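Reader: Please take me through one part of this structure closely. I would like the part itself first, then what surrounds it.

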Amino acid sequence: MSRQSTLLLISPAVLVIGVFMLIPMFIALAYSFMTANPYGGVQPPATFDAYVQFLYQRDFDDSLIFSPDYILIIVRSLYLAVATTAICLVLGLPVAWYIVCQSEQRRRLLLFFITLPFWINTLIRTYCWILILRDEGLANKLLRTLGIIADPLPLLYNDGSILLGLVYTFLPFMVLPIYSTLERIDPRLIEAAYDLYAGRVAVFRRVIWPLAKPGALAGATLVFAPALGSFLAPDLLGGGKKLLIGSLIQMQFTSSRNWPFGAALSIAITAVILLVMMLRAWTAPQREARA
Amino acid sequence: MTRRAFSWRYTPGFAPLTVAILVFLYTPLLVLVVYAFNSSRMVTIWQGFSTQWFVAIGENGDIRGAAENSLIIAVAATIASTLIALLGALALERGTLAFGRGLVHGLVAMPLVVPEIVVAITTLVFFSALGMHQGLINLIIAHTVFCIPFALLPIQARLKDMGGMLEEAGRDLYASEWNVFRRITLPLLAPAIGAGAIMAFVISLDDFLISMMVSSAGSTTLPVYVYGMMRLGVTPEVNAISTVLLAISLVFVASALLLGRRRA
């Protein structure tokens with residue numbers, strides 16, 4: 001295929017994503033330096049107000065006072081995203097290893113069932129947990145029927161339920177990349193380790209984990225990024241009372257009508273995610289060189 | 001007592017854990033489906049099997065309007081994104097990109113990496129900066145963008161898988177580029193194109209966040225409407241419509257996964 005026809009074929013994809021995704025990012029960046037229009041949108045003059053708002057609140061007399069509200073929301077979002085990633089890793093790694101150890105046919109079947117939820121509407125998957133966790137929900141009903149509790153436990157609308165929703169949503173993102181790296185392990189390496197009297201723990205620590213690491217890192221990025229910006233789990237399972245970044249951004253474009261601040265927050269989480277991905281790309285070649 | 005011979009393929013506890021994870025993944029969906037068929041208005045109290053809530057949502061004009069919007073957007077976005085993805089996959093796998101291969105890959109993967117909320121608000125900002133308030137058209141454009149990588153993945157994988165040998169043979173026999181594509185590449189690629197199109201369709205039909213931010217009064221999609229219902233509380237109607245959406249995703253994705261596996 002000639003160069004011209006290659007360019008011709010690739011250009012629709014590049015143009016569509018470039019114009020409707022990359023350029024909007026830069027427009028959002030520009031918007032984050034504008035003044036909010038109280039009716040939505042932005043107006044001149046250009047300011048740093050949106051970024052100042054991360055740390056300070058403007059008082060009535062126009063003086064800036066330190067306010068940790070937004071920083072706390074950002075810290076909580078980071079904490080929940082990191083916790084989600086950690087839980088998914090702890091659960092995903094053994095599951096991926098278990099699948100790798102099965103026969104070809106069972107592998108396919110298990111992978112199918114792990115992949116399937118990924119394609120099911122997140123809105124509906126999240127909603128299912130309301131049915132289970134709410135006061136009149138299945139979990140409380142079961143516990144009451146069994147006589148374990150008298151009054152319903154407040155299972156919904158807390159950090160625990162948000163975390164549960166996030167793990168439920170993103171677990172497949174962790175299992176699949178780990179599986180695809182583990183699948184390529186040469187079984188003779190493991191047999192050699194056992195022949196040399198390594199125990200299970202030593203084999204895991206010295207053979208399996210080093211080989212699984214690239215997949216685990218890929219999975220961690222795939223879980224962390226969407227978890228940090230998640231909207232549905234915090235909104236439906238957190239009750240929207242305690243905000244996370246995702247809902248905070250959404251609010252700036254609906255009820256709060258502060259587009260520059262919303263744009264600034266979006267730029268901030270995109271920057272965090274780019275940083276994480278760059279760290280990964282930066283450490284990867286070094287690891288390969290050492291291996 | 002028979003003792004199991006040592007095998008590194010067996011780790012105690014991993015099998016029950018995997019079963020537990022599968023139960024964890026599927027029980028909530030099962031709960032939803034069971035409740036959707038409950039005849040009682042009180043969702044949690046089982047009163048008997050009934051399909052009345054499905055009839056109720058079928059008769060709801062708002063839901064039908066939203067479903068119509070969703071369908072129009074999904075069909076348009078699927079056609080556009082699959083075409084774009086097919087051309088892009090051919091260029092990436094069979095073309096000679098002089099420079100920027102990594103850049104193109106990065107750009108095409110962007111909709112997968114950037115958090116949905118960021119895509120949603122940047123798209124909203126973009127349309128508002130242009131002063132473009134075209135209702136469904138805006139949504140079709142937004143959906144096409146994030147459907148491209150999903151349509152691209154199976155097509156690109158298949159192209160990589162099948163190699164270029166048959167196409168080479170065709171060229172050796174003096175077939176023109178167009179004939180090679182029409183008589184060799186396209187028929188071999190057809191199942192993967194089908195799989196990619198189905199994936200794109202499901203992703204578009206299921207999208208909530210981007211649709212919510214970009215849609216306006218007349219262009220509400222089904223998930224956006226259902227979200228509005230959910231915010232008002234747990235009702236049998238929400239369970240029924242959610243079950244319908246769940247069933248649609250399951251049927252389409254299962255067929256796409258089977259189609260994608262088929263070796264033409």
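The part in question is helix α5 of chain B, residues 116-130; the answer starts there and then moves outward. How many of the 15 residues of α5(B) are buried?

Author: The model is predicted, so confidence comes before detail. Chain B averages a pLDDT of 86, and 95% of its residues score at least 70. For chain A the mean pLDDT is 85, with 96% of residues at 70 or more. One stretch of chain A, residues 287-291, falls below a pLDDT of 50 and makes zero contacts beyond near neighbours in sequence. For the complex as a whole, the predictor gives an ipTM of 0.87 and a pTM of 0.88.

Now the helix. Helix α5 of chain B has 15 residues, and at 1.5 Å a residue these should span 21 Å; the end C-alpha atoms are 21 Å apart, so the length agrees with expectation. Most of the helix is covered, since twelve of the 15 residues count as buried, a label that needs 20 or more other C-beta atoms within 10 Å. The buried residues include B:Glu116, B:Thr122 and B:Thr123. Among the others are B:Ile117, B:Val118, B:Val119, B:Ala120 and B:Ile121, as well as B:Leu124, B:Val125, B:Phe126 and B:Phe127. Just after the helix, B:Gly131 takes a positive phi of about 70°.

B:Ile121, which is one of the buried residues of α5(B), leads into the nonpolar core. The largest such core has 158 residues, and B:Ile121 is listed with B:Ile148, B:Ala151 and B:Ile155 as having the most contacts inside it. B:Ile148 shows what lies around one of these residues. Apart from neighbours within four places in sequence, B:Ile148 is in contact with A:Ala13, A:Val16 and A:Ile17 from chain A, and with B:Ser81, B:Ile84, B:Ala85, B:Val108 and B:Pro111 from chain B.

Those contacts of B:Ile148 with chain A belong to a wider meeting of the chains: 68 residues of chain B are in contact with 69 residues of chain A. On the chain B side, the touching residues divide into 52 nonpolar, twelve polar and four charged.

B:Pro111, one of the contacts of B:Ile148, also turns up in connection with a bend in helix α4 of chain B. α4(B) bends by about 30° at B:Leu107, and B:Pro111 follows within four residues. What does the bend do to the overall length of α4(B), whose 13 residues should span 18 Å? The end C-alpha atoms of α4(B), residues 101-113, are 18 Å apart, so the span agrees with 1.5 Å a residue.

Chain A offers a helix where the span does not agree. α9(A) has 29 residues, yet its end C-alpha atoms are only 35 Å apart, short of the 42 Å that a straight helix would reach. A kink of about 50° lies in this helix at A:Trp209, shortly before the proline A:Pro210. In the loop between α8 (187-195) and α9 (200-228) of chain A is A:Tyr197, whose phi is near 70°, a positive value in a residue other than glycine. A:Tyr197 counts as exposed because it has 7 C-beta neighbours inside 10 Å.

From α5(B) there is also a distance to give within chain B. B:Val119, buried in α5(B), and B:Glu68 are 51 residues apart along the chain, with their C-alpha atoms separated by 24 Å. B:Glu68 is in helix α3 of chain B, residues 61-94. Because it has 12 C-beta neighbours inside 10 Å, B:Glu68 counts as exposed.

For chain A, the general picture is as follows. The chain has twelve helices and four strands, and its C-alpha atoms fill a box of roughly 75 × 75 × 35 Å along the principal axes. Of its 291 residues, 41% count as buried. Among contacts in chain A with a separation of 6 or more, 67% join residues 24 or more positions apart. A separate pair in chain A shows distance along the sequence beside distance in space: A:Phe26 and A:Ile267 are 241 residues apart in sequence and 9.4 Å apart, C-alpha to C-alpha. A:Phe26 belongs to helix α1 of chain A, residues 3-31, and counts as exposed because it has 11 C-beta neighbours inside 10 Å.

Notes
Residues numbered from 1 in each chain as written. Chains lettered and ligands numbered in written order. Predicted model: local features only at pLDDT ≥ 70, side-chain atom pairs only at ≥ 80, totals over all residues. Contact = placed C-beta atoms within 7 Å. Nonpolar A, V, L, I, M, F, W, Y, C, P; charged D, E, K, R; others polar. Core = buried A, V, L, I, M, F, W, Y, C linked by C-beta atoms within 7 Å. pLDDT = per-residue confidence, 0-100. Helix = DSSP H or I, 4+ residues; strand = E, 2+ residues; numbered from the N terminus. Expected span 1.5 Å × (residues − 1). Bend = angle between axes of the 7 residues up to and from the residue.
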